[in-house]
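Open the model in your viewer and keep the sequence panel beside it. We will go from stop to stop, selecting as we go.

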Amino acid sequence: GARPTEQARPIFIKEKLVQNERIVSTGGGGGQILFLDQTSLTIAPNSEVLLDKYVYDPEADSGEMTVTVLKGAMRFVGGRISKTSPAVIKTPTATIGIRCGMGNVSVRDGADTLYMHVAGFSSTITSGDQELTITREGGLASIGANGNLEYLGVADSDFIANAFRLGAQGRAAGRGGARGSSGGTSSGGAERTAPSG
């Protein structure tokens with residue numbers, strides 16, 4: 001972990017992290033971060049994550065959260081914050097808002113992003129002027145290095161079981177791991193809309 005004004009250091013159990021802290025895992029590393037609202041981030045080996053913003057008011061049971069995945073893979077499990085407003089995960093090519101849910105995000109070689117909505121209410125992915133909302137469990141999307149956003153359908157059980165490991169290793173886990181139509185429709189668990197504002 002590297003705080004904004006400090007050198008990188010090993011992170012140990014129960015150690016407190018701060019805003020804008022950069023977490024880097026080695027090939028044999030990784031770990032889990034548990035936040036006050038019970039949100040958890042599981043960081044895979046060979047990954048780099050930036051804790052952009054975390055604000056939580058336990059009395060109001062609300063707050064804001066933004067995390068950037070710069071490379072590698074991370075599993076997000078939403079806590080109390082995501083029940084009232086989307087938790088935001090950023091990558092080099094996309095912004096993902098997760099409501100009451102769980103998702104896997106991986107940033108592979110070339111900075112393209114693969115995202116799977118594992119469970120929960122919804123995940124809304126924005127890239128440039130494109131927007132895609134996934135509500136179906138196992139719904140899979142790719143966001144290319146050029147920003148092209150594509151819904152790949154619902155991942156099969158083997159892909160879901162291996163998604164975190166494959167993402168962490170940076171393998172090309174593209175269309176072969178998904179089934180279903182590539183066009184997003186509300187009945188298929190994904191809906192394309194033009195961004196508002």
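**The whole chain**

Start with the surface view. The protein chain exposes about 9800 Å², and carbon and sulfur atoms supply 50% of that area. Keep in mind that this is a predicted model.

Now switch to the cartoon. How many helices and strands does the protein chain have? There are two helices and 13 strands. Of the 197 residues in the protein chain, 45% are buried. Next, think about contacts with a separation of 6 or more. Residues 24 or more positions apart account for 41% of them in the protein chain.

**Stop 1: from β1 to β5**

Select β1 (21–24) and β4 (48–57). The two pair in the antiparallel sense, over four bridges. Click on R22 and look across to β4: L50 stands opposite.

Stay on L50 and add β5, residues 62–77. Nine bridges join β4 to β5, and these strands run antiparallel. In β5, the bridge partner of L50 is T68. So far you have followed the path from R22 to L50 and on from L50 to T68.

Now find the turn of this hairpin. β4 and β5 have four residues between them. One residue to pick out here is D61, which takes a positive phi near 55 degrees.

**Stop 2: from β5 to β9**

Keep β5 and add strand β7, residues 95–107. β5 and β7 pair in the antiparallel sense over six bridges. Select R75 to see one of the pairs: the bridge partner of R75 in β7 is N104.

Add strand β6, residues 87–90. It pairs with β7 over four bridges, again antiparallel. Look at K90, which stands opposite T95 in β7. β6 and β7 form a hairpin, with four residues between them.

Move on to strand β8, residues 113–127. How many bridges join β7 to β8? Twelve do, and the strands run antiparallel. Select G103 in the sequence, then H117: H117 in β8 is the bridge partner of G103. The hairpin of β7 and β8 has five residues between the strands. In this hairpin, G110 takes a positive phi near 90 degrees.

One more strand on this path: β9, residues 130–134. Five bridges join β8 to β9, which run antiparallel. S127 has Q130 in β9 as its bridge partner. Two residues lie between the strands in this hairpin, where G128 takes a positive phi near 60 degrees.

**Stop 3: the nonpolar cores**

Hide the cartoon and show side chains. In soluble globular proteins, nonpolar side chains tend to be buried together. Here, the largest nonpolar core has 28 residues. Select L41, L51, V67, M74, F76, I89 and I125, the residues with the most contacts inside this core. Which strand gives the most to the core? β5 does, with five residues.

Zoom in on V67. Leave aside its neighbours within four places in sequence. V67 is then in contact with L41, V49, L50, L51, D52, M74, V88, I89 and K90.

Another core lies apart from the largest one. This one has seven residues, among them L114, M116, A155 and F159.

**Stop 4: the largest pocket**

Turn on the pocket display, if your viewer has one. The largest pocket has a volume of about 920 Å³. Its lining has 36 residues. Select I11, E15, L17, Q32 and I33, which lie nearest the centre of the pocket. β1, β2 (31–34), β4 and β5 each supply at least two residues of the lining.

**Stop 5: three single residues**

Select G153, in strand β11 (residues 149–155). Is G153 buried or exposed? G153 counts as buried because its relative accessibility is 2%, and the cut-off for buried is under 20%. Now add A141. The two are twelve residues apart in sequence, and their C-alpha atoms are 7.5 Å apart in space.

Go next to N20, in the segment before β1. N20 is not a glycine, yet has a positive phi of about 65 degrees. Its relative accessible area is 37%, so N20 is partly exposed.

Finish at Q38, in the loop between β2 and β3 (40–43). Q38 is not a glycine either, and has a positive phi of about 80 degrees. At 43% relative accessibility, Q38 counts as partly exposed.

Conventions: Residues numbered from 1 in each chain as written. Predicted model: local features only at pLDDT ≥ 70, side-chain atom pairs only at ≥ 80, totals over all residues. Heavy atoms only, no water. Core = buried A, V, L, I, M, F, W, Y, C linked by side-chain atoms within 4.5 Å. Buried < 20%, exposed > 50% of the residue type's maximum accessible area, 1.4 Å probe, protein only. Contact = heavy atoms within 4.5 Å. Areas by Shrake-Rupley, 256 points an atom, 1.4 Å probe, with all protein chains shown as cover. Pairing = 2+ DSSP bridges. 1 Å grid on protein atoms, 1.4 Å probe; cavity = no way out; pocket = protein on both sides within 12 Å on 5 of 7 lines; lining within 4 Å. Points joined across faces, edges and corners; volume = space filled by probe spheres on them.
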